[in-house]
Amino acid sequence: MNVFYNKEGIGDTLIVALCDADKDQHRFERKGDAARIFNGDTNETIGYNLFNASTYMNIETSGSLDLNEGILNSINAAIAKNGFEEKLEADFSAKFVVGYVKEKEKHPNADKLSICKVDVGEDELQIVCGAPNIEAGQKVVVAKVGAVMPSGMIIKDAELRGVPSSGMICSAKELDLPDAPQEKGILVLDADKYDAGEPFFS
């Protein structure tokens, strides 16, 4: 689940995004201040728009909100007050974590891409990476599926030149870190200071 709010840009509307669907499959159902967006073929909920959002919760930031139980509870209370029975659930685990690159091999269909096996603690991800400095044995920062980058881009499962990829190995610039170098390349962490799976941002 990703939650966005930009009062100056789109007004007092909270946007709750749960999953993707083609635009031509979008259907809408509105009750009061809440609009449910759903897949017309499967009836799966794609998200909600909550109008007059500031009357239901206190929102102090703009852009992508850091989701927590308080915000989730406020969203569920608001959509229930407007007549929807669905109760939303969310994954509160860290989306930017330390990864250990266990393996790196050349992409069979792209000279500048590598296929990496990355240990992120409780899971091992296959990530296609285009950074020139990626190597096995490195500790790196991984944006997991569902992460929202500082640019606003949402990380999704993808397929790059025919190879599945789950997540992104990040550069300092992509993470919007201060004094990030301008040249291409992922951020390589001090291996002794970080453990695979730990959150990168405290």
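This passage looks at how the protein chain splits into domains and how those domains meet. The model is a predicted one, and the chain falls into two parts: domain 1 covers residues 2-82, while domain 2 runs over 96-199. Measured out between their C-alpha centres, the gap from domain 1 to domain 2 comes to 30 Å.

An unreviewed UniProt entry adds a label here, listing residues 90-201 as "domain: TRNA-binding". That span is 36% strand and 0% helix. Its end C-alpha atoms sit 19 Å apart.

Turning to the place where the domains touch, domain 1 brings 4 residues to the contact, and domain 2 brings 4 residues as well. Between them, domain 1 and domain 2 bury about 320 Å², with 53% of that area on carbon and sulfur atoms. On the domain 1 side, three residues do most of the work: Asn2, Phe4 and Asp20 supply 84% of the area that domain 1 buries against domain 2, more than any other three residues. Sorted by type, the residues of domain 1 that touch domain 2 come out as 1 nonpolar, 2 polar and 1 charged.

As for specific links across the interface of domain 1 and domain 2, the search for salt bridges turns up 0. The count of residue pairs in polar contact, with both residues at pLDDT 80 or more, is likewise 0.

Methods: Residues numbered from 1 in each chain as written. Predicted model: local features only at pLDDT ≥ 70, side-chain atom pairs only at ≥ 80, totals over all residues. Heavy atoms only, no water. UniProt positions renumbered as here; feature names shortened; annotations may be inferred. Helix = DSSP H or I, 4+ residues; strand = E, 2+ residues; numbered from the N terminus. Domains from an automatic or database assignment. Contact = heavy atoms within 4.5 Å. Buried area = accessible area lost by both parts, 1.4 Å probe. Salt bridge = Lys/Arg side-chain N within 4 Å of Asp/Glu carboxyl O. Polar contact = N/O pair within 3.5 Å; in protein donor to acceptor, adjacent residues only side chain to side chain. Nonpolar A, V, L, I, M, F, W, Y, C, P; charged D, E, K, R; others polar.
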